[in-house]
Amino acid sequence: MNAISRVWIAAAATMMPLTAYAQDVQLTYLTHWAPDTVALLEEAASAYSAEHPGVTISVRAVPFGDLLTTIRSGGTDGTTIASIYDLWLPALVKDGLVAPAPENVAKEVSDNWPAGIAAAASVDGAIYGIPNEVNVYALNYNKALFEEAGIAAPPKTWDELKDAAAKLTDLSAGQQGFGMINSWAAGVVHPFASLLVSNGGQLIADGKPLLDSKEALETFQLYETMIKEGYSVAAMGTADANTTGPYLDNFVSGKTGMIIMANWWESALKGGMGDDFDNIGTAPIPVGPSGDAPRSISYSWQTVVNAGATPAEQEAAWDFLVWLNGPESGKNGASAMADILQSMGILPSRNSDIEAYSDALNRPFLEGYVSTLADAQAFPIVLGGQEFSEALQQVIEQLQYGQITAEEAQANAQADAVSILERAAQ
Amino acid sequence: MRRSHFGSPWLMLTPAISLISVFILVPIVLTVWLSFHDWSTQTGFGAARFVGLRNYEDLFGPISVGRDFRRAFLNTAVYTVLSVVIILPLSVLFGLLVHQTRVAGGQVLRTILFSTYMVPMIAVALVWSKLYSPTEGPINQILSWIGIGPQPWLSSPDTALFSLVILNVWQQIGYFTVLVIAGLTQIPLSLYEAARIDGANRMQEFFGITLPLLRRTLLFSSVIAVINAVQVFEPVVLITQGGPANSTNVLTFHIRRVGIERAQGGLGSAMAVMLMLSLIVIIVLIFAMARQKEER
């Protein structure tokens, strides 16, 4: 055996384990998307597997209401990749369920995403996920109902909001002016938070809850007025486990004049309204008496890798996610992830995706959201954030159903928040 | 000889005791132990930190942890009482109707009644959430034909829990009817014949013979109905998610939210202990009441 043969044999021996391990990698991807969207993800995963024959990816979907439970009950034995709401990240990191991104992936995120979005994927300066979608809240209104009621333009202030709601309300016809959602934590808290920041307030600052502020009380009082005056009917705002239900039904069937909702509902609205979708307008969140400009709340989603996955699985998972979210995997310089997100009307967050989809993002419905994004505040991401959100949801719902006053709601919300955040920080 | 005489029973009992210990006693003891600790369900038991009675204090405290727990406890109690109070008399009524062997189609009726129990809860939840729809639901449409306005059903805190009780009764009634029929077949016909000779009417037969002799069946039914109702979970998670305004948040759903979603294993364990203690008290009370009646 000559020296060259020995080198070849040594090289082959070195490669053998790599080849074998590459062929053994099976990734699982957990999401909450609907079947149509899951099919697109599976299509992208197949395209990746075609380029990487050793890697197979299977997608598992659960309803949004079960997503966090599935991630937690799976623990370190759960799916290799999971799609998560950014609010969940600190707790999942604390419990050792998600793996930090390798250096090259972290650099990819830092270099290609807006700083605020990348920060939402970080805990204590370390990046744990690859961001994908970003959502922001705006006012959706039914233009046909506005015309019937003689309202020329969407409301810009809370006074105009109340005035428009009054004109749009016709309880004898089962029509409410302003729809307020219940039975879904984020769905309840995000519109409230959007009105709060548009009134110059904040939910949490520097880890401390600020629900005892004047701005927060005014926001609770706005809810109270809407209910007391009959502009909002709480029973018309129920959502189900799939975040649809009467709240959506009433808006798409023209029984609700205005709602505050995120851009990702575009596909649900289109599906429910058909051609009537053109009647839906988007406008900035009305400004409250203590606010100076329209503002909103944004939040993002990201994909994380299970800390319990084997090194080979983690390596393959990150490689797949970089590809899925990179400019080579989609159409016209966009990522495959952006193509999937846009199929649902969701805004992609990667800089190159925003550029690639610049024309599509200017369509009438999304334009209002994109213009709002610049002045949006990220929903506070803190330890205990999910519990904080659920506690605030309960208080707001009690107010919506007339069980407590605005002042009681404020006192309860602040006391709950202080206790929850203190306990979580321990 | 003497040793084998004493040793063999223990030898025979060991497998059963071991299984019971491993799968029932150990988890119960562990849950009680964890209820005195601050513990994340994502970490090992070694990471649990002793906090004494703090978890129990929180359950009865003024903040959201306590408010939500007490509301879930109350909702569970109301759901259980309503379910049992409706299911038991209805199952006796249906049992008496279906047990009439001379009525044509009795077997078919029995099968139809029991079939609701066999339908998977996911299908039941999907169908009933649409039936209850305030705007397009068939129930409200039917009510409108008789002049009753639209009801909010699942959309109002005043009616949501009761709507779930109706769903529960609809699904469970067939099972309990079958239990009652089984009890009715055990009653000797000669007793009814003797009563008729003595001039007893139908009502006297029912209260004098049927009901007393169904006591054991109804005792079993009530225990099972209570346990089933206390463990209600699927309709809540599939339809209401505990809402609106916490009105359908029941203990099992709340424990899942706290213990799994929020990973607060210690607090979730304290809630589970409270649920277990309540269930024990209720079951003991039912048996005590039944025994008292038998002694009379």
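**Exercise 1. Find the domains of chain A and say how far apart their centres lie.**

*Solution.* Start with the bounds: the domain assignment splits chain A into domain 1 (3-134 + 299-364) and domain 2 (136-298 + 380-425). Keep in mind that you are working with a predicted model. Next, take the C-alpha centres of domain 1 and domain 2 of chain A, which are 32 Å apart.

**Exercise 2. Describe how domain 1 of chain A meets domain 2 of chain A.**

*Solution.* Step one is to list the residues in contact: domain 1 of chain A brings 20 residues and domain 2 of chain A brings 24.

Step two is the area. About 1,700 Å² is buried between domain 1 and domain 2 of chain A, with 59% of it on carbon and sulfur atoms. Which three residues supply more than any others of the area that domain 1 of chain A buries against domain 2 of chain A? They are Phe64(A), Leu87(A) and Tyr299(A), with 37% of that area.

Step three is the polar side of the story. Between these two domains of chain A there is one salt bridge. Now check a pair of side chains: Arg363(A) and Glu266(A) have their closest N and O atoms 2.7 Å apart. The cut-off for a salt bridge is 4 Å, and Arg363(A) and Glu266(A) do form one. Polar contacts between domain 1 and domain 2 of chain A come to five residue pairs, both residues at pLDDT 80 or more.

Step four is to place the touching side of domain 1 of chain A on its helices: helix 3 (64-74) and helix 4 (89-94) of chain A each give at least two residues to it. Sorted by class, this side of domain 1 of chain A holds 14 nonpolar, three polar and three charged residues.

**Exercise 3. Do the same for chain B against chain A.**

*Solution.* Begin again with the residues: 34 from chain B and 36 from chain A take part in the contact. Then add the area, about 2,700 Å² buried between chain B and chain A, to which carbon and sulfur atoms give 43%.

Now count the polar pairs. How many salt bridges are there between chain B and chain A? There are six. Arg256(B) and Asp66(A) meet in a salt bridge through their side chains, at 2.8 Å from N to O. Chain B and chain A also have 15 residue pairs in polar contact, both at pLDDT 80 or more.

Finally, map the side of chain B that touches chain A. Helix 2 (54-59), helix 3 (64-99), helix 11 (234-240) and helix 12 (251-261) of chain B are the elements giving two or more residues to it. Its classes are 13 nonpolar, 11 polar and 10 charged residues.

Technical notes:
Residues are numbered from 1 along each chain as its sequence is written. Chains are lettered from A and ligands numbered from 1 in the order in which they are written. This is a predicted model: local features need pLDDT of at least 70, side-chain atom pairs count only at pLDDT 80 or more; totals for chains, interfaces and linings use all residues. Side-chain values use heavy atoms; hydrogens and water are left out. Contact means heavy atoms within 4.5 Å. Buried area is the accessible area (1.4 Å probe) that two parts lose on being put together, summed over both. A polar contact is a pair of N or O atoms within 3.5 Å; within protein, one must be able to donate a hydrogen and the other to accept it, and residues adjacent in sequence count only if both atoms are side-chain atoms. Helices (H or I, at least four residues) and strands (E, at least two) are DSSP runs, numbered from the N terminus. Ala, Val, Leu, Ile, Met, Phe, Trp, Tyr, Cys and Pro count as nonpolar, Asp, Glu, Lys and Arg as charged, and the others, Gly among them, as polar. Domain bounds come from an automatic or database domain assignment.
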